[in-house]
Amino acid sequence: MSLNGPVAIILAAGQGKRMKSDKAKVLHEVCGRPMIGYVVDAARGAGARTIIVVIGYASDQVLESLHDEPDILFVTQSEQLGTGHAVKICRELLADYQGPVMVLVGDEPLLRPEPLADLLARQEHDGAACLLGTAKVHDPMGFGRILRDSAGRFLRIVEERDCAPEEKAIREVNPSCYVFQLPLLWDALDQIGTSNAQHEYYLTDAPERLMAMGQKVMALNVLRADDILGVNTRQHLAQAATVMQARIQDHWMTEGVTIVDPHNTYIDGRATIGRDTVIHPFTVISGQVKIGAGCQVGPFTHLRDGTVLENDVEVGAFVEISRSHIDSGTIAHHLAYLGNASVGRDVNVGAGTITANFDGSRKNETQIGDRVRIGAGAVMIAPVAIDHDAVIGAGAVITRGKHIKSGDTVVGVPARSLSARTDDR
Ligand code: UD1
Ligand code: CA
C-alpha cells in the first residue's frame with residue numbers, strides 16, 4: 001500500500017496509569033472532546049495526509065472514537081514497551097513509504113498546527129534526518145530535558161527519571177513533536193536498548209542515535225509552553241481545559257460575541273455562536289450547540305447537545321434546553337426545561353414551563369408554533385403539538401398526544417379548550 005505523505009504517527013497506546021482510569025487516557029475529554037481529537041486536528045492542520053494512531057490500552061474505545069475518518073490508520077501495540085517501540089511497530093505499514101514522518105503524542109491536546117507545519121517545512125527545506133520541536137517552560141517537571149553543548153548545538157534528550165541534578169534544572173524540554181526522515185529512523189530504532197530507569201525503548205534516544213550515525217539532527221525552539229501541556233494526571237486535564245476554554249472564548253470574542261464573565265462561562269469546543277450574541281455569567285454550553293446572532297443567553301443557562309437557537313432568541317436564568325430548535329425572537333426568560341422541542345418564532349415561554357419529554361423509555365417531541373404564548377408553570381406531556389397563535393394558560397397540563405389548534409386557548413389540568421376546539425390526535 002502506498003501512503004500519502006506527509007505521514008503523522010500519534011502515540012496513544014498507553015494506559016496513563018496516573019489518571020487512575022478504566023478509560024484510555026487519550027479519550028479523556030477537554031472542553032467536551034477527547035484529547036486525541038485535538039492532536040489529530042493539529043496533525044491534519046499541519047499538513048499530514050495520513051495519520052497512524054498507535055493504540056493499545058482500551059484500544060476498542062479509541063477505535064470507536066475515531067471511526068469513519070478515512071485518513072486515519074491504526075496499529076496495535078499489545079504490550080507498551082515504550083515510545084520507541086510504539087513507533088517501531090509502524091514499520092511494516094510504512095515499508096513502501098519514504099519521506100518525512102511526524103511523530104506526536106496523543107496526550108498533548110493543546111498542540112496547534114502552526115509550529116508543526118513549521119517543523120515539516122524546515123525538514124523539507126534542509127532534509128535533516130530529525131528535527132525536534134522544543135519549548136522553554138517555567139516548570140519542566142515530567143518532561144525530557146534538551147541537552148546542548150556550549151555552542152548551543154543539540155546533544156541529546158534526557159528523561160527526567162534519568163537526569164542528573166544539574167540536568168533537572170534545564171528548562172528547555174522535549175514536547176515529543178518530531179519530524180524524522182524515513183527510512184533512516186528505522187536504522188536508529190534498531191539500535192535503541194532499554195538501559196534506562198523505566199527499562200523501556202525510548203523514542204527520545206533516536207535523535208542521539210541518528211547523530212552517532214553521522215546524520216543531521218536539529219532541535220528548534222518553535223513551541224510555546226501552553227502548546228505542550230502533557231496530560232498525565234487529572235490535575236493536568238483540568239489545566240489543559242482551562243487553557244482550551246480560554247482559546248475557545250477568545251475565538252468567539254474575536255468573531256463578535258460578548259462574553260460578560262469569561263471565568264464563569266463554559267463553552268464547548270463544538271459550539272458555534274453568532275455575532276452580537278451576549279453570553280451572561282454562569283452559562284454552560286455543552287455539546288454541539290448552535291447559537292444565532294443577537295441572542296441573549298444566561299445568566300445561569302444550560303444549553304445542551306443538539307440545541308439550535310436562531311437569531312434574537314433570549315434565554316435566561318435556570319433555563320435548560322436539550323436537543324431542541326428554537327426559532328428567532330423566542331423568549332424563555334426564567335426557569336424552563338425544553339427537551340426534544342421545536343419552538344416557532346416569537347414564542348413566549350413562561351416561567352416554569354416544562355416539556356415532559358421522557359416517558360420512561362423514550363424521548364418524545366413537543367411542537368410549538370409561531371407566536372404561541374405559554375403561561376407560567378405549564379407542563380406539556382410529549383408528544384404534544386401546539387399550533388401557531390395558541391395560548392396556554394398558567395398551570396395548564398397538556399396531556400400526552402394532544403393537538404392544540406391555532407388560535408385556541410387552553411387552561412387547567414388536564415388542559416381544556418375555552419372554545420372547545422381541541423381534538424385528540
Ligand atoms: C514522553 C517523552 C518525554 C517527553 C514527554 C512529552 C519518552 C521516553 N519520553 O514522556 O521526553 O518530554 O513524552 O509529553 O518518549 N505510548 C505508547 N506506547 C508506549 C508508551 C507510550 O503508545 O509503549 C504513548 C502514550 O500513550 C502517550 C505517549 O506515548 O500518549 C507518551 O507516553 P508517556 O508515558 O506519557 O510519556 P512521558 O513520560 O510523558
Ligand atoms: Ca505524557
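**Architecture and local features of the predicted model**

At 4% relative accessibility, residue C31 counts as buried. In this predicted model, C31 is located in the loop that runs between strand 2 (29-30) and strand 3 (33-34), and its phi is near 50°, a positive value in a residue other than glycine. A covered position in a loop thus serves here as the point of entry to the description, which then turns to the chain as a whole and afterwards to further single residues.

The secondary structure of the chain comprises eight helices and 37 strands. The C-alpha trace spans about 90 × 40 × 40 Å along the principal axes of the chain, and the radius of gyration is 28 Å, whereas a compact globule of 425 residues would have a value near 22 Å. According to the domain assignment, the chain holds domain 1 (7-227) and domain 2 (258-424), and the centres of domain 1 and domain 2, taken over C-alpha atoms, are separated by 47 Å.

With regard to packing, 48% of the 425 residues of the chain count as buried. Among the contacts in the chain with a separation of 6 or more, 44% are made by residues that are 24 or more positions apart. The accessible surface of the chain amounts to about 18900 Å², and 49% of this surface belongs to carbon and sulfur atoms. The chain carries 41 positive and 52 negative charges, and the mean positions of these two sets lie 2 Å apart.

Within domain 1 (7-227), helix 1 (residues 35-45) is mostly covered, since eight of its eleven residues are buried. The buried residues of helix 1 are M35, I36, G37, Y38, V39, V40, A42 and A43. In general, an α-helix has 3.6 residues a turn, so residues three or four places apart point the same way. Just after helix 1, the backbone at G47 takes a positive phi of about 115°.

D139 offers a loop position with another degree of cover. This residue is placed in the loop between strand 7 (130-136) and strand 8 (144-148), and D139 is partly exposed because its relative accessible area of 49% falls between the limits of 20% for buried and 50% for exposed residues. The C-alpha atoms of D139 and A86, which are 53 residues apart along the chain, are separated by 27 Å.

Two cis peptide bonds can be described in the model. One of them joins G5 and P6, with omega of about -10°, and P6 lies in the segment before strand 1 (7-12). Another joins A382 and P383, with omega of about 5°, and P383 is found in the loop between strand 30 (379-381) and strand 31 (384-386).

Turning to domain 2 (258-424), residue Q296 has its place in strand 19 (residues 296-297). With a relative accessible area of 30%, Q296 is partly exposed. When residues up to four places away in sequence are not counted, Q296 touches V278, H280, V313, E314 and V315. From C-alpha to C-alpha, Q296 and A271 are 16 Å apart in space, and the two residues are 25 residues apart in sequence.

L335 is found in strand 24 (residues 331-339) and has a positive phi of about 45° although it is not a glycine. L335 is partly exposed, its relative accessible area being 49%. A positive phi outside glycine has also been described above for C31, but C31 is buried, with a relative accessibility of 4%.

Finally, D408 is located in the loop between strand 34 (402-404) and strand 35 (409-411). At a relative accessibility of 1%, D408 counts as buried, because this value is under the 20% limit that applies to buried residues. The C-alpha atoms of D408 and H388 are separated by 9.0 Å, and the two residues are 20 residues apart along the chain. Both D408 and D139 are loop residues, yet D408 is buried, whereas D139 is partly exposed.

Notes: Residues are numbered from 1 along each chain as its sequence is written. Chains are lettered from A and ligands numbered from 1 in the order in which they are written. This is a predicted model: local features need pLDDT of at least 70, side-chain atom pairs count only at pLDDT 80 or more; totals for chains, interfaces and linings use all residues. Side-chain values use heavy atoms; hydrogens and water are left out. Helices (H or I, at least four residues) and strands (E, at least two) are DSSP runs, numbered from the N terminus. The radius of gyration is taken over C-alpha atoms; the globule rule is 2.2 Å times the number of residues to the power 0.38. Buried means under 20% relative accessible area, exposed over 50%, partly exposed in between (1.4 Å probe, protein chains only). Contact means heavy atoms within 4.5 Å. Accessible areas come from the Shrake-Rupley method with a 1.4 Å probe; for residues, only the protein chains shown count as cover. Lys and Arg count as positive and Asp and Glu as negative; His and the chain ends are not counted. The place of a charge is taken as NZ of Lys, CZ of Arg, CG of Asp or CD of Glu. Domain bounds come from an automatic or database domain assignment.
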